[in-house]
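Dear colleague,

I am handing over to you the structure shown below. Please look through it first; a description of what was found in it follows.

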Amino acid sequence: MTIENKDEKTLIRSVVRAFAVLDCFSEDAQRLTLHEICQKLGLPKSTVFRLLNTLLEIGYLHLEEQKYCLSFRVLRLASFIPSTLNMRVIANSELRHLGEITGETVSISVLEGVERIVIDVVESPSLLRSIVRVGEVVGLQTGAVSRVFMAFQDGLIKDIFGQGSVPDNLDAELAEVRALGYACSVGDRVCGASGMAAPIFDINGACNYCISIAGPEARMLAQRDELAKHLIASTQRISRLYGNVETH
């Protein structure tokens, strides 16, 4: 998790570095030495030492037996997160932004068993567009969203197909989704339509939400790479807002 490539024109470097220190801690790294934190950040020992001393002084870190750990002050901040801060609220501005720059219909779905439920939609202004409705319930056998959920949800394939036949090339498709960071489908649900989807990860790295772009096949495929770039950027920003610190 090196942080030297951040845009210093828009960020206050010392603040970025202080929060990067806090992000070093995880379930598997609850107590860290100075050396371990330096390795994670890729910063000089003197710089990290000053950051740690500052965080100790203001009460966000605790030092015990030459190892640093988060203090209860961090937990206090977490308790202030409003219970109403749900995914629809978090993602809405990104959906609108994605809709504006792509010109296509953008939606977010939540995984519910072996189905997905559309919880928010920004429709394309084009007369020729894909129609997606809030509250729509869709099975997960086909489509870009289904491929994303299957790629990043352990055990979901078995739940979806049960004892039935699993598509022969499914493993290869899901491996490609994991490698690219998104899925693309053509005509899976509607003839002449194409869909593209990317995962949102929560604080624990789980993928229960997915954003998708849908539109006419010709338009979507002509700008596939550009759409994918914007889609992945949006889902990564949402993942960070949702507490995921491993998103890059």
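**Charges and overall form**

The chain carries 25 positive and 30 negative charges, and the mean positions of these two groups are 6 Å apart. Please keep in mind that this is a predicted model. The C-alpha atoms fill a box of roughly 60 × 45 × 35 Å, taken along the principal axes. The secondary structure comes to 10 helices and eight strands.

Of the 248 residues of the chain, 40% count as buried. The accessible surface amounts to about 14,100 Å², and carbon and sulfur atoms contribute 53% of that area. Among the contacts with a separation of 6 or more, 54% are between residues 24 or more positions apart.

**The six-stranded sheet**

In which order do the strands of the open sheet lie? The order is β5-β4-β3-β8-β7-β6, and the pairing is antiparallel. At the edges are β5 (137-139) and β6 (183-186), each of which pairs on one side only. From one strand to the next, the twist averages 30°. Helix α10, formed by residues 224-241, packs on this sheet and touches β6, β7 (193-201) and β8 (207-216). The direction of α10 makes about 25° with that of β7. As general background, strands of a sheet pair through backbone hydrogen bonds, in either a parallel or an antiparallel manner.

The pairings can be followed across the sheet, beginning at the β5 edge. Strands β4 and β5 are antiparallel and are joined by three bridges; in this pairing R116 stands opposite V138 in β5. Seven bridges then connect β3 (residues 105-112) with β4 (residues 115-122), again in antiparallel fashion. Two partnerships may help you to locate this pair on the model: L111 is bridged to R116 in β4, and S107 has V121 in β4 as its bridge partner. R116 is thus placed opposite V138 in β5 and is also the partner of L111.

The hairpin of β3 and β4 has two residues between the strands, and G113 takes a positive phi near 70° there. How many of the eight residues of β4 are buried? Six of them are, so β4 is largely enclosed by the rest of the structure.

Next in the order comes the pairing of β3 with β8, which run antiparallel and are joined by six bridges. Here S107 stands opposite S212 in β8. S107 therefore serves as a convenient landmark, with V121 as its bridge partner in β4 and S212 opposite in β8.Nine bridges join β7 to β8, and these two strands also run antiparallel. F201 stands opposite C207 in β8. Five residues lie between β7 and β8 in their hairpin, and G205 in the turn has a positive phi of about 85°. Strand β8 is mostly covered, with nine of its 10 residues buried.

**An enclosed helix**

Which residues of α6 are buried? They are A144, V145, S146, R147, V148, F149, M150 and A151. Helix α6 spans residues 144-152, and because eight of its nine residues are buried, it is largely enclosed by the rest of the structure.

**The loop between β1 and β2**

Most residues other than glycine have a negative phi, and most peptide bonds are trans. Against that background, two residues deserve your attention. E65 lies in the loop between β1 (61-64) and β2 (67-70), and its phi is near 55°, a positive value in a residue other than glycine. Q66 lies in the loop between β1 and β2, with a positive phi of about 65° although it is not a glycine.

Are these two residues buried or exposed? E65 has a relative accessible area of 69% and is exposed. Q66 is exposed as well, with a relative accessible area of 62%.

With kind regards

Technical notes. Residues are numbered from 1 along each chain as its sequence is written. This is a predicted model: local features need pLDDT of at least 70, side-chain atom pairs count only at pLDDT 80 or more; totals for chains, interfaces and linings use all residues. Side-chain values use heavy atoms; hydrogens and water are left out. Two strands pair if DSSP finds at least two bridges between them. Helices (H or I, at least four residues) and strands (E, at least two) are DSSP runs, numbered from the N terminus. Axes are lines fitted to C-alpha atoms, for helices over the stretch in contact, and angles run from 0 to 180 degrees between N-to-C directions. Contact means heavy atoms within 4.5 Å. Buried means under 20% relative accessible area, exposed over 50%, partly exposed in between (1.4 Å probe, protein chains only). Accessible areas come from the Shrake-Rupley method with a 1.4 Å probe; for residues, only the protein chains shown count as cover. Lys and Arg count as positive and Asp and Glu as negative; His and the chain ends are not counted. The place of a charge is taken as NZ of Lys, CZ of Arg, CG of Asp or CD of Glu.
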